[in-house]
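Biologist: Before we go through the salt bridges and the pocket, could you show me the sequence and the model, so that each term can be set against its definition?

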Amino acid sequence: MTAAAAARLSDLGRAADEGGEVVGVEHLGGGLVELSVRLPHLAAAARPGEFAQLRCGPPPLPLLRRPFSVAWVDGEVCAFVFEPVGEGTRRLAALRAGDPLQSLGPLGTGFTLPARGRVVCVAGGLGCAPFPLAARRARQAGAAEVVVLNGAASAERLYPAERLSRGDPGIRVVEATDDGSRGHRGHVTDLVTGELGGAAVLWACGPNPMLVALAAVLGGAGVALPPVVEASLEAPMGCGFGTCLGCALPVRDGAGGRFALCCREGPVMPVDAVDWEALAALPPAHVA
Ligand SMILES: Cc1cc2nc3c(=O)[nH]c(=O)nc-3n(C[C@H](O)[C@H](O)[C@H](O)COP(=O)(O)OP(=O)(O)OC[C@H]3O[C@@H](n4cnc5c(N)ncnc54)[C@H](O)[C@@H]3O)c2cc1C
Ligand code: FES
């Protein structure tokens, strides 16, 4: 892969601070939660891969909003998929229909939509979150087929295939589980090389270690990579719009390197723009 700088910047002019109303909170198996919220601005403006900063509780805590991918949009309603892992997500999971929820978005850069051809999506764990919307928009843009390679630790932790395809026979879901309880036994990255032939686009989203592994697979795939290969990265985020400088990630820039703000130049970046070796060496995220 060649070195390249991540150059796109998010368009902050499209973001709005918006008061929404919770429509539903569904507790899926394996701890996954799908939260749907009436947010007319976000629903109209969000593009696949973009995120919203959700205020998870009344001030003062949690102090910072938390970033979540827009999972799907239906009319004025947006959905988010997550797992309660800390204070913010526990509060979101405890919401009830009719509760208020404040959203700032859409934020970040989205995936590049194809005009035709096949799209391969690689999802690890909660990295499935952007793909219901992304797959649907790719099909609307002209993609002949979207294949979602969806991996999780076990069957109960897989986001349901029918929620990824949403009734579109042109969206195919292939599953992998670490323990072999459904689909391929092993990592979702094992499935990537077999799906690359003729693909126009590859999108990936998952924990950074999975993306590091994917970059290594792509580097040694031995087959032509699609013209567009993009990954949605994670970093601890404070503001979500470029002022706190808390979300810096190492990227390549010509022969050298620099740090890019994940919230402005990402979260979606070309895979060859990221310095995967430096990313793998970063300490685990810590968020206040
Ligand atoms: C652009 C973007 C989009 C995201 N979309 C989703 C999504 O759709 N669904 C989803 O479940 N999660 C998503 N995340 C991660 C999500 O924002 C965090 O899990 C959430 O902020 C945790 O908040 P908390 O208060 O529950 O946990 P905290 O108490 O803040 O943290 C709990 C644990 O999670 C770790 N953590 C928190 N934030 C991050 C992060 N950004 N990256 C890596 N580790 C983190 C902490 O270090 C800690 O170990 C996204 C992150 C980013 C940057
Ligand atoms: S989250 Fe504040 S600069 Fe990126």
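**Salt bridges, accessibility and a pocket**

Modeller: A network of salt bridges links Arg 118, Glu 145, Arg 172 and Glu 195. This is a predicted model, in which local features need pLDDT of at least 70 and side-chain atom pairs count only at pLDDT 80 or more, while totals for chains, interfaces and linings use all residues. Residues are numbered from 1 along each chain as its sequence is written, chains are lettered from A and ligands numbered from 1 in the order in which they are written, and side-chain values use heavy atoms, with hydrogens and water left out.

Biologist: What makes the contact between Glu 145 and Arg 118 a salt bridge?

Modeller: The term requires a side-chain nitrogen of Lys or Arg within 4 Å of a carboxyl oxygen of Asp or Glu, and the side chains of Glu 145 and Arg 118 meet at 3.1 Å, N to O, so the pair qualifies. This pair links distant parts of the chain, 27 residues apart, with Glu 145 in strand β9 (residues 145-152) and Arg 118 in strand β8 (residues 118-124); strands here are DSSP runs of E with at least two residues, and helices are runs of H or I with at least four, both numbered from the N terminus.

Biologist: Why is Arg 118 called buried?

Modeller: Buried means under 20% relative accessible area, exposed over 50%, and partly exposed in between, with a 1.4 Å probe and protein chains only; Arg 118 has 17% and is therefore buried.

Biologist: Why is Arg 172 called partly exposed?

Modeller: Its relative accessibility of 32% falls between the two limits, so Arg 172 counts as partly exposed. Arg 172 also forms a salt bridge with Glu 145, at 2.9 Å from N to O.

Biologist: How do you know that Glu 87 and Arg 91 are about one turn of the helix apart?

Modeller: Both lie in helix α2 (residues 87-93), four residues apart. Their closest N and O atoms are 2.7 Å apart in a salt bridge. Glu 87, at 37% relative accessible area, is partly exposed, and so is Arg 91, at 29%.

Biologist: What makes five residues in the lining of the second largest pocket charged?

Modeller: Asp, Glu, Lys and Arg count as charged, Ala, Val, Leu, Ile, Met, Phe, Trp, Tyr, Cys and Pro as nonpolar, and the others, Gly among them, as polar; the lining divides into four nonpolar, four polar and five charged residues. Among the 13 lining residues, Arg 8, Arg 47, Glu 50, Thr 109 and Gly 110 lie nearest the centre of the second largest pocket.

How values were computed
1 Å grid on protein atoms, 1.4 Å probe; cavity = no way out; pocket = protein on both sides within 12 Å on 5 of 7 lines; lining within 4 Å.
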